[in-house]
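Visitor: I would like a close look at one part of this model, taken slowly and with the cut-off behind each term spelled out. Could you walk me through it in one connected account?

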Amino acid sequence: MTNSIPEIEDADCVFVIGSNTTEAHPLVAYRVFRALRKGAKLIVVDPRKTQLAQLAHIHVRIRFGTDVAFLNGMIHAIVKNNWQNREFIEARTEGFEDLEKMTQKYSPEEASEICGVPTDAIREVARLYATSKTSTILYTLGITEHSHGVDNVKSLANLAMLTGHIGKPSSGVNPLRGQNNVQGACDMGALPNVYPGYQIVTNPDIMAKFEKAWGISLSQDVGRTIPDMMDGLIDGSIKGMYIFGENSVESDPNIHHVRRALTSAEFLVVQEIFLTQTAQLAHVVLPGASWGEVEGTFSNTERKVQRVRKAVEPPGQARPNWVILSEIGRRMGLKMDYSSAEDVFEEIRSLTPSFAGITYDRLHDEEIQWPCPSVDHPGTQFLHKGQFTRGRGLFHAIAYRPSEELPDAEFPFILTTGRRYAHYHTRTMTVRCPSLEREFPGPMAQIHVRDAEKLGLNDGDSIKVASRRGEIVTPVKIGDTVPEGAIFMDFHFQEANPNWLLGTSLDPVSKTPDYKVCPVRLEKHPTDGL
Amino acid sequence: MDYRFVKTTCPFCGCGCQMFLEVMDGKLIGTLPVKNAKMNQGKLCIKGWSAHEFVQSPDRLTQPLVRKNGRLEEASWEEALDTVASRLSSIRDAHGGNSLAFLSSARCTNEENYLLQKLCRAGFGTNNVDHCARL
């Protein structure tokens with residue numbers, strides 16, 4: 001997030017796009033409720049009528065995957081009505097002319113043709129977002145998990161820069177990150193192109209710094225991304241894989257493809273706390289200690305580095321992950337003789353400028369958000385004050401591209417996927433939380449009442465959902481949460497995991513798979529025992 | 001009776017709610033929200049309130065496993081770690097570091113993620129490290 005969660009409640013306009021906030025980030029939703037109570041305008045852009053959408057002043061029921069057309073339509077309306085922040089554009093940005101030229105093709109009428117949003121709604125949302133004193137954008141995977149996810153994010157950045165709603169409190173472009181430490185895993189350089197602190201692997205000076213610190217020569221080749229690694233296992237260019245705390249078999253799209261990839265590995269090691277579907281394919285399984293059993297830190301979605309602490313001993317012979325990784329490192333001749341998690345953190349600080357000022361001592365009673373370059377620095381509540389990381393903010397002129405795989409006569413429905421409030425991802429943890437399992441014991445797809453009538457379905461009936469990759473059977477809930485022509489499924493249950501159905505279309509830049517638009521066919525499925 | 005509270009960060013979504021783990025006689029028995037935390041201000045969602053429940057599941061892995069004759073069998077730490085280091089090294093020696101790939105974890109700590117990417121880059125000479133942020 002460019003900004004911080006508590007700031008949301010003081011925004012004059014909250015613009016939520018592609019986020020089912022009440023289910024996926026309940027404590028962020030709570031700040032949105034507070035903002036509403038303080039008089040904020042709430043705009044929710046989502047094809048589904050989510051809980052938050054029902055509380056919105058305007059619910060923009062956009063067609064699946066047409067965000068760029070809608071956002072360009074907003075930009076067109078803002079420029080046409082002179083609602084942009086000229087001062088900000090002049091002082092802080094470049095490339096505005098290109099954006100203006102591109103969005104000329106997206107009048108509200110033209111945008112409406114593509115995204116299905118009434119022209120008046122496009123203008124009104126544009127007015128509210130642009131002319132409110134502070135406007136904040138909240139988004140999640142409804143924006144990024146598309147074959148044009150990067151275009152979606154850049155379009156949101158265009159909107160924020162155009163109106164100057166960035167670089168100040170209660171504004172900004174705020175991705176709500178889905179996992180406890182997905183921010184930290186990025187911060188720590190668990191990415192193929194950067195070292196810790198987003199230091200580029202192809203920069204010779206950076207490489208020299210890490211070579212000196214680690215006492216070994218390093219590779220200058222940018223590494224491969226997850227989808228590319230899976231392809232590499234199948235074509236034989238990758239032969240060995242180390243999976244640490246990730247249940248790829250159930251969480252990646254197109255399970256057939258992932259299983260084939262992982263079973264092609266000459267050697268697969270999985271470090272885990274449970275014997276997941278992924279661990280069952282391994283040659284070696286290493287039992288790690290869990291959250292609650294180890295010391296360390298997580299970075300939350302606001303870039304806040306927070307302590308996790310050991311409360312109980314790990315079971316049996318399970319060991320802290322830092323100990324396991326150091327043991328393997330030592331066998332590879334590396335100097336990895338750490339005495340504690342704090343010892344590891346000290347090494348991180350010494351090599352990562354944005355973490356340099358953070359210490360375990362400070363975290364004892366301070367809440368610190370990176371960048372924090374020195375021990376006397378208080379941390380950074382919001383980013384891009386005064387200037388952007390690259391200097392001037394660059395507008396990107398982006399044309400709308402349809403999703404890669406679109407419905408046709410054979411697969412006429414759109415499948416979209418997401419999280420439910422009581423569960424988490426592949427349920428390896430929440431299936432073992434009896435309170436949560438009781439709350440939400442099985443899969444439940446959502447379809448529209450008129451589609452249910454056409455298919456002859458009642459609430460709780462089972463349907464077969466088929467795509468070009470395969471088919472699954474799931475019970476359905478009938479209502480108007482999803483629009484006609486669509487089906488929503490959660491991804492928590494092995495017996496009805498939509499990842500069997502999803503394809504492998506990727507965003508060309510980020511290599512993020514499309515989890516939000518997948519053409520499928522629906523058929524009533526006979527229910528046993530009735 | 002040994003009864004204590006240990007301050008920590010919720011293990012589920014990216015909000016980073018602060019909580020106390022409630023520990024009695026070496027077992028986790030509950031969670032309580034931290035009232036003066038800026039982010040959650042004394043609140044937790046249903047997942048936060050139930051977060052302690054999975055940790056002591058009887059399904060936890062408690063011993064290293066090594067595949068022998070097609071089956072995963074219990075093994076010592078020495079055997080498991082030696083197998084990992086030697087098999088990965090022999091693949092690297094035969095086909096180069098870029099024939100190996102490492103997936104890190106958005107579930108685990110900064111310290112653990114740092115070490116995993118260090119092991120990949122410094123131990124095996126490849127930048128083939130990624131994690132599920134991309135998914």
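Guide: What follows is a close look at the contact between chain A and chain B, with one helix of chain A added at the end. This is a predicted model, in which local features need pLDDT of at least 70 and side-chain atom pairs count only at pLDDT 80 or more, while totals for chains, interfaces and linings use all residues. Residues are numbered from 1 along each chain as its sequence is written, and chains are lettered from A and ligands numbered from 1 in the order in which they are written.

Chain A brings 115 residues to the contact and chain B brings 88, two residues being in contact if their C-beta atoms, placed from the backbone, lie within 7 Å. On the side of chain B that touches chain A, the most is given by helix α3 (residues 110–124), with 13 residues; helices (H or I, at least four residues) and strands (E, at least two) are DSSP runs, numbered from the N terminus. By class, that side of chain B has 42 nonpolar, 29 polar and 17 charged residues, where Ala, Val, Leu, Ile, Met, Phe, Trp, Tyr, Cys and Pro count as nonpolar, Asp, Glu, Lys and Arg as charged, and the others, Gly among them, as polar.

Strands also link the two chains: β11 (residues 284–287) of chain A and β4 (residues 65–68) of chain B run antiparallel and are joined by two bridges, and strands pair if DSSP finds at least two bridges between them. A:Val284 has B:Val66 in β4(B) as its bridge partner.

A single residue of chain B, B:Gly26, sits in the loop between β2 (18–24) and β3 (27–33) of that chain. Leaving aside residues up to four places away in sequence, B:Gly26 touches A:Val312 and A:Glu313. Because B:Gly26 has 10 C-beta neighbours inside 10 Å, this glycine counts as exposed; a residue is buried if 20 or more other C-beta atoms lie within 10 Å of its own, exposed if 12 or fewer, and partly exposed in between, with C-beta atoms placed from the backbone. Its C-alpha atom is separated by 24 Å from that of B:Glu112, 86 residues apart along the chain.

Within chain A, helix α15 (residues 255–264) has A:Ile255, A:Val258, A:Ala261 and A:Leu262 as its buried residues. Their cover includes α13 (226–235), α14 (248–251) and β10 (267–272) of chain A, whereas A:His256 and A:Thr263, on the other side of α15(A), are exposed.
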